[in-house]
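Let's take a walk through this fold together. Have the model open and turn it as you read.

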Amino acid sequence: MKKAIGIGLVVLLILISGCASQTPEVEGEYDSFAKCLSDSGVKMYGSFLCSVCKRQRDLFGSSFELLGEIECHPRGENTQTELCLEKNIESTPTWTLEKDGVELERLDGYQNLEVLAELSGCPLEE
């Protein structure tokens, strides 16, 4: 009897811990805006060492993952240094608007959300 109770408690603990680990996804404040930027062809070229790039990422918070970043530093994670050289990226962050692989517009440095909304045509919901 004690063994059955012990097994029951173990099974119950496993079930409870499985439910507790499934935390719901929390939507970031700018998720729809970041997705729109990405869908419209806006790209950010950055570097993991760049403090201004970090400020730019922080502006978006968790929503930045939906936009992403093209890493230009050769020691960065998932680096795309060759692409950055081909695109003639001289400083980071550099924002581009691209359609079908053709760069239509370029902005260097930190950009506020309003400027990115104007660049992309994406609505910025407040």
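Start from the outside: the protein chain exposes about 8500 Å², and carbon and sulfur atoms supply 56% of that (areas by the Shrake-Rupley method with a 1.4 Å probe, where for residues only the protein chains shown count as cover). Keep in mind that this is a predicted model, where local features need pLDDT of at least 70, side-chain atom pairs count only at pLDDT 80 or more, and totals for chains, interfaces and linings use all residues. Numbering runs from 1 along each chain as its sequence is written, and side-chain values use heavy atoms, with hydrogens and water left out.

Of the chain's 126 residues, 36% count as buried, meaning under 20% relative accessible area with a 1.4 Å probe, protein chains only.

On to the pieces. There are six helices and four strands, taken as DSSP runs (H or I, at least four residues, for helices; E, at least two, for strands) and numbered from the N terminus. Along the sequence they come as α-α-β-α-α-β-α-β-β-α.

The strands form an open, mixed sheet in the order β2-β1-β3-β4, where pairing takes at least two DSSP bridges between two strands. At the edges sit β2 (70-71) and β4 (102-108), each pairing on one side only. Further in, β1 (residues 42-46) runs antiparallel to β3 (residues 94-99) over four bridges, and K43 stands opposite T96 in β3.

Helix α6 (residues 113-120) packs on this sheet and touches β1, β3 and β4, a contact being heavy atoms within 4.5 Å.

Definitions and conventions:
Buried < 20%, exposed > 50% of the residue type's maximum accessible area, 1.4 Å probe, protein only. Axes fitted to C-alpha atoms, helices over the stretch in contact; angles between N-to-C directions.
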